[in-house]
Amino acid sequence: MHPSETLTTALGPQAGPGGLHRAQAALGEAGGPLHRLDYADLALGAQGMGLVHRAALEVLRRFGAVDETQLTLSRALALFLDHVFWEERSGGLILCADFPDGGFCLPIPRGWWSLAARSGRAQ
């Protein structure tokens, strides 16, 4: 999916019993295997954060609950951290938000995110 198509194609409510089904629906037929990630392992670049912020504004507008001055980048990101997947074929990331009547998934293109650097030793 091209980044310019992301907001129009991925933010429709996705049916299904959980984030995995919504992520698969957001990818369509082109998607490959999905792998769950912990949101603490992610680092989004400026383009990725901008996309998340725009998507969060769009989702909140649909619910009639948006004050653009109050939506910080961290709050926008928190909205999409219910389910996080890495898509193997494209290398993209899928961020999903759960709501009582469904949910929304947002694809983040490869290159707009990375794994966060960890400090300390692994045991």
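Is F99 buried, exposed or partly exposed? At 22% relative accessibility, F99 counts as partly exposed, because buried would need a value under 20%. Hello everyone, and please keep in mind that what we have on screen is a predicted model.

Let's stay with F99 and bring in its partner. The model has one aromatic pair. F99 and F104 form an edge-to-face pair, because their ring centres are 5.5 Å apart and their planes stand at 80 degrees, where over 60 counts as edge-to-face. F104 has a relative accessible area of 5%, so this ring is buried.

Now to the core. The largest nonpolar core contains 24 residues. Those with the most contacts inside it are L44, V52, F80, L93, L95, L106 and I108. Which elements give two or more residues to this core? They are β2 (42-44), α3, α4 (73-79), β4 (93-99) and β5 (102-108). Helix α3 provides the largest share, eight residues. As general background, nonpolar side chains tend to be buried together in soluble globular proteins.

That brings us to α3 itself, residues 46-62. With 17 residues at 1.5 Å a residue, this helix should span 24 Å, and its end C-alpha atoms are 25 Å apart, which agrees. Its buried residues are G48, M49, L51, V52, H53, A55, A56, L57, V59 and L60. After the helix comes G64, with a positive phi near 70 degrees.

Next, charges. How many salt bridges does the structure hold? One, and it joins the side chains of E58 and R62, at 3.3 Å from N to O. Both residues sit in α3, four residues apart, or about one turn of the helix. E58 has 28% relative accessibility, so it counts as partly exposed. R62 is partly exposed as well, with a relative accessible area of 43%.

I'd like to finish with E87, which lies in strand β3, residues 83-87. This glutamate is buried yet has no salt bridge. Why is there no salt bridge here? The nearest side chain of opposite charge, R89, is 5.2 Å away, and a salt bridge needs the charged atoms within 4 Å, so the two do not qualify. What does the side chain of E87 reach instead? It reaches the backbone nitrogen of R89, at 3.0 Å. So, to put the two together, the side chain of R89 lies beyond the 4 Å limit for a salt bridge with E87, while the backbone nitrogen of R89 is reached by the E87 side chain.

Thanks for listening, everyone!

Methods: Residues are numbered from 1 along each chain as its sequence is written. Side-chain values use heavy atoms; hydrogens and water are left out. Buried means under 20% relative accessible area, exposed over 50%, partly exposed in between (1.4 Å probe, protein chains only). Lys and Arg count as positive and Asp and Glu as negative; His and the chain ends are not counted. A polar contact is a pair of N or O atoms within 3.5 Å; within protein, one must be able to donate a hydrogen and the other to accept it, and residues adjacent in sequence count only if both atoms are side-chain atoms. Rings of Phe, Tyr and Trp (its six-membered ring) pair if their centres lie within 6.5 Å; planes under 30 degrees apart count as stacked, over 60 as edge-to-face and the rest as tilted. The expected span of a helix is 1.5 Å times one less than its number of residues. A nonpolar core is a set of buried Ala, Val, Leu, Ile, Met, Phe, Trp, Tyr and Cys residues joined through side-chain atoms within 4.5 Å.
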